[in-house]
Amino acid sequence: HQFADSNRLRTAAADITGVIPLMVVSDYLTEIAEATLEQVVRLAWQHLVARHGRPQGMNTEGTGFAVLGYGKLGGIELGYASDLDMVFLHDSYPHSAMTDGAKPVANAVFFVRLGQRIVHFLTTRTPSGRLYEADMRLRPNGNSGMLVTSLEAFERYQLEHAWPWEHQALIRARPVAGDARLMAAFESSRRHILGQSRNAKELCHQVVDMREKMRTALDKGDDQQFDLKQGKGGIADIEFMVQYSVLKGAHKHPELLDWTDNIRLLESLAKAGSLSAGQAQMLANSYRAFRAVYHRNSLQELPGLISVDRLTDERQGVATLWQELMHIQNKLQKPTGE
């Protein structure tokens, strides 16, 4: 807690005084979270091994456990008040294997308890506060799914049962702590899943439909205030355009899967010809502007809202491109009968 708090404070001081730019602020905040997670995983692992012994029959000499970062953690874009979107994986075979300690349990039970311990370490309120809020809802089958999933089951779910929005989320996913071999295996699996060829017309309709549902449910703006994240022409619209373009083109341009942060994804989309250089630059500039204000509001413990007369050019540019890239295509390409 002292490590995380002191380094977040140092980052905030450098941010406020203009010593470091916005993108470096997010880099630092993300690196603090990753260093914290590595130690939390290590402590939780030691605790479980002391009680139950090490899992047997694994395909690695390491822990066989990995933490995947999603959302802002995966996209290297953490803010001061960001929670950690995570998915836990294990790589234990056969599934009937046991630990080798005085109180042996099945490997699957061991890894579930390991995941529970990690969440406990992160979220328990102490005299120093809470390390991070943990959000595990992006795991396969959401809150009804297993807390820790095998890599095999994760890939099968993503290929056979996942919704398009889950593949959108996977674009931002990357391993952030745990077993090096399992993290490399996940990277390979991720590229395989996202590199599938997709029906561009159907994909566009699904992405636009999900965005409209999100805006209806989450937009807190009104006639006087604009919601930086969910408002029309805001952060989420940029993210959805990026994700749609990546999913549409990744089977032809696998280099679109090299990065998880929006700025470098936009650069990759421009190089691949999926967006023009001007479109990508406009979206990148608008994204930086929105996030800079969002950071400032977060530091002051304010919601992500601004006056409707602010950032009007950026919002209009994003909204116009949304109409060009998504809305018009969706209107022309909706499946028959809708």
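Of the 338 residues in the protein chain, 50% are buried in this predicted model. The exposed surface of the protein chain amounts to about 16000 Å², and 52% of this area is supplied by carbon and sulfur atoms. Contacts between residues 24 or more positions apart make up 72% of those with a separation of 6 or more.

The fold comprises 12 helices and seven strands. The C-alpha trace spans about 65 × 50 × 35 Å along its principal axes. The radius of gyration of the protein chain is 21 Å, which agrees with the value near 20 Å for a compact globule, because the chain has 338 residues. Charged side chains number 38 positive and 39 negative, and the centres of these two sets are 2 Å apart.

Helix 10, formed by residues 262-272, illustrates the burial at the level of a single element. Its buried residues are Asn262, Ile263, Leu265, Leu266, Ser268, Leu269 and Ala272. In an α-helix, residues three or four places apart point the same way, because each turn takes 3.6 residues. The cover over the buried residues of helix 10 includes four other helices: helix 2 (22-52), helix 6 (164-171), helix 9 (235-249) and helix 11 (277-299). Just after helix 10, the backbone at Gly273 adopts a positive phi of about 85°.

Key:
Residues are numbered from 1 along each chain as its sequence is written. This is a predicted model: local features need pLDDT of at least 70, side-chain atom pairs count only at pLDDT 80 or more; totals for chains, interfaces and linings use all residues. Side-chain values use heavy atoms; hydrogens and water are left out. Helices (H or I, at least four residues) and strands (E, at least two) are DSSP runs, numbered from the N terminus. The radius of gyration is taken over C-alpha atoms; the globule rule is 2.2 Å times the number of residues to the power 0.38. Buried means under 20% relative accessible area, exposed over 50%, partly exposed in between (1.4 Å probe, protein chains only). Contact means heavy atoms within 4.5 Å. Accessible areas come from the Shrake-Rupley method with a 1.4 Å probe; for residues, only the protein chains shown count as cover. Lys and Arg count as positive and Asp and Glu as negative; His and the chain ends are not counted. The place of a charge is taken as NZ of Lys, CZ of Arg, CG of Asp or CD of Glu.
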